[in-house]
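Thanks for coming, everyone. Please look at the screen, and I will walk you through the structure one part at a time.

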Amino acid sequence: MFRRRNYSGNAHEHEDEPSDFIPIHQIRNHTNTKNDASMSKPSLFAYRYVTKGIIIFRSVVAVVILLCILWGCLIIKIVRDISNDNGNVLPRGLIARPKIERHRFGDRLRQRIKKIELKLEGRSPMLDTDKMESPVLVFTFKRADYFERAMWKLYQNHPAQKYASQNINTQLGHDIGRIVGAPIIISQDGDDPGVKAVIESYREAFEINLGVPLYRIEHYRPPEDKQEKSHVESWDTDPKPYQDLARHYGWALEQTFTSVAYDLDAQHDRHISKPPLPKRVIILEEDIEIATDFFSLMNATADILDSDDTLLAVSGYNDNGKTQHVADPKRLVRSDFFPGLGWMMPRRVWDGVDSHPNTALKSNWAPNGYWDDWIREPSIRLGRQVLRPEVSRTYHFGNIHGVSQNDVQHNINQILLDRVDVQWEKEDLSYLKPEWFAESYWRRVSNAKLVSTESDAKFYIAHSDVRLVYTSLSHFATMALSFDIMTDEKAGMVRTGYEGIVEVRYGKGEFILFLTPPYVEGSSPSNFGKKAWMNLDKTALLQSFGLSESEENWQFSW
């Protein structure tokens, strides 16, 4: 059957045309439509790519603009923070606490902002390193959070703060005297990255803000020693942590006194002249806070320590310095018991002196560990004494993963840190001369009211000085417990004792309670306060005090 189309496009049946016949004009139209569709695909894809590119470009531009606005606001904020309302520049030393970079974006950003602050504010001139003969040596291992807390107090209370706060834009070094507490030397046992981050942050703070060099030295720890102890409760009986600490101490002290520490670290952002050989070294640890006037105390006693060979060290710590036992923030005393925990040692003690050969601490440093108890041994201490304050200038806050994990650790966390800023350089410290101190101290002790019981002592202490007599070390321990003070002894010397006498201001009052051996009666012995360079073993020392040693073992070490 055939179909035929007319001009109007209507189909009519026609018997002469085949059924599959298609007119030529429809074939042309069909071909053109197909070609147009195939020709439009590349143009559509190109349009889409161009559109996406424009969107991406606009997004990038928007992000860049936002970042520029953000950084502009930050710079404005920094400038406003640096300047006060009157347009004066704030003291460099009083800039905010350094932020520790710990590999997170936020921390890195804050670290960069800190650097911008320092650059906008301007660098403090470097202090004269020739005046830096009393460095601070800080020991640290892997407690980065404790270490940062200790470093913040060190930075906050450093004597260079007073020079930075003067806003002097000229070289200060030629206008100032001795800088006790500079430079800073950080001795790290191992390579803990968290501790290293703290060191680098405070290096910038000290060197840029205060003009004080900071050096880092690293004590090598064998690989097998890097495994952290899994059972902390075993540390009291395991001597290895004490031995590791003693090795670290001996090594770092030698690097410091020989000035090798200044050559082991050259990572500074500015030129620093090498400081001279130290005359004395101030020793701190990663879990010790210092008081505001700690460095003033060290500076005021430095000359006394250098000239008095009956002194072993100056310490900022009182083992019996709990709040209820102390009152006078300006009082210093001599003691036969070495407390440690923030102390200063002169070169003559480390190197020895010609007048007393074979007495150098460096010659046989703490061979069995327990370096502080080793110093307390009669053959090492040799009757030499320590200066310490009544109210502590250091506070031991570390109680996690430390070497000491016993009752002593519990007690030292309760010691009061002094809050009074004493200008020690203005205080008359002549009473600390060995003869003068012994005479005045004996006079006060011997004139104290003698009582026979602890209850009587607690009653009369409100009205006058009081004296209680103990007859043995075990008797002393019992008596000390009733007053909540330290009960232990080392080589016959009770903790904080001076010639066997222990003092506390029970109830934080004006008067002092003295716990004394039996010999305190009548006139003073001829050698009272004069046992320097005498090697009295425990038996000889107890006999000189008129004491006996109980069979009960009351002593312990930390």
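**Rings, strands and a few odd angles**

Let's start with an aromatic cluster. It is formed by F139, Y249, F257, F338, W343, W350, W365, W371 and W374. Please keep in mind that this is a predicted model.

Now zoom in on two members of that cluster. F338 and W343 form an edge-to-face pair, with 4.9 Å between the centres and 85 degrees between the planes. Are these two buried or exposed? F338 is buried, with a relative accessible area of 1%. W343 is buried as well, at 2%.

Why do I quote two numbers for a pair? A pair of aromatic rings is described by the distance of the centres and the angle of the planes. The count for the chain comes to 28 aromatic pairs. One of them is F294 with F295. Their ring centres are 5.3 Å apart and their planes stand at 80 degrees, so this pair is edge-to-face. The cut-off for that label is over 60 degrees. F294 has a relative accessible area of 0%, so F294 is buried. F295 is buried too, at 4%.

Next, the whole chain. How many helices and strands does the chain have? There are 16 helices and 18 strands. The chain has 558 residues, and buried residues make up 50% of them. The exposed area is about 27,300 Å². Carbon and sulfur atoms supply 54% of that area. Now take the contacts with a separation of 6 or more. Of these, 77% are between residues 24 or more positions apart.

On to strand β8, residues 311–315. How many of its 5 residues are buried? The count is 5 of 5, so β8 is largely enclosed by the rest of the structure. What does β8 pair with? One partner is β11, residues 385–389. Those two are parallel, with 3 bridges. Here L311 stands opposite Q385. Another partner is β10, and that pairing is antiparallel, with 2 bridges. In β10, W343 is the bridge partner of S315. We have met W343 already, in the aromatic cluster.

Now a loop residue. D336 sits in the loop between β9, residues 332–335, and β10, residues 343–346. Its relative accessibility is 6%, so D336 counts as buried. The cut-off for buried is under 20%. What does D336 touch beyond its neighbours within four places in sequence? The list is R381, G383, Q385, M493, G497, Y498 and E499. Look at E499 in particular. Its backbone nitrogen lies 2.6 Å from a polar atom of the D336 side chain. Q385 is on the list too, and Q385 is the residue opposite L311.

Let's move to an open sheet. It has 4 strands, in the order β13-β14-β18-β17, and the pairing is mixed. Which strands are at the edges? They are β13, residues 449–450, and β17, residues 502–504, and each pairs on one side only. β17 runs antiparallel to β18, residues 513–516, and 3 bridges join them. E503 has F514 in β18 as its bridge partner.

Helices lie across this sheet. α13, residues 434–446, lies across β14, β17 and β18. It runs at about 100 degrees to β18. α15, residues 473–482, also lies across β14, β17 and β18. Its angle to β14 is about 140 degrees.

Last topic: backbone angles. Most residues other than glycine have a negative phi, and most peptide bonds are trans. Here are some exceptions.

A182 and P183 are joined by a cis peptide bond, with omega at about -5 degrees. P183 lies in strand β4, residues 180–189.

S259 has a positive phi of about 70 degrees, and it is not a glycine. You will find S259 in the loop between α6 and α7. S259 is buried, at 4% relative accessibility.

Y370 has a positive phi too, at about 50 degrees. Y370 is in the loop between α9 and α10. Is Y370 buried or partly exposed? With a relative accessible area of 26%, Y370 is partly exposed.

T359 is also found in the loop between α9 and α10. T359 is buried, at 14%. Leaving out residues up to four places away in sequence, T359 touches V349, G352, V353, L382, R384 and W533.

That is the tour. Over to you for questions.

Notes:
Residues are numbered from 1 along each chain as its sequence is written. Side-chain values use heavy atoms; hydrogens and water are left out. Buried means under 20% relative accessible area, exposed over 50%, partly exposed in between (1.4 Å probe, protein chains only). A polar contact is a pair of N or O atoms within 3.5 Å; within protein, one must be able to donate a hydrogen and the other to accept it, and residues adjacent in sequence count only if both atoms are side-chain atoms. Contact means heavy atoms within 4.5 Å. Two strands pair if DSSP finds at least two bridges between them. Axes are lines fitted to C-alpha atoms, for helices over the stretch in contact, and angles run from 0 to 180 degrees between N-to-C directions. Accessible areas come from the Shrake-Rupley method with a 1.4 Å probe; for residues, only the protein chains shown count as cover. Rings of Phe, Tyr and Trp (its six-membered ring) pair if their centres lie within 6.5 Å; planes under 30 degrees apart count as stacked, over 60 as edge-to-face and the rest as tilted.
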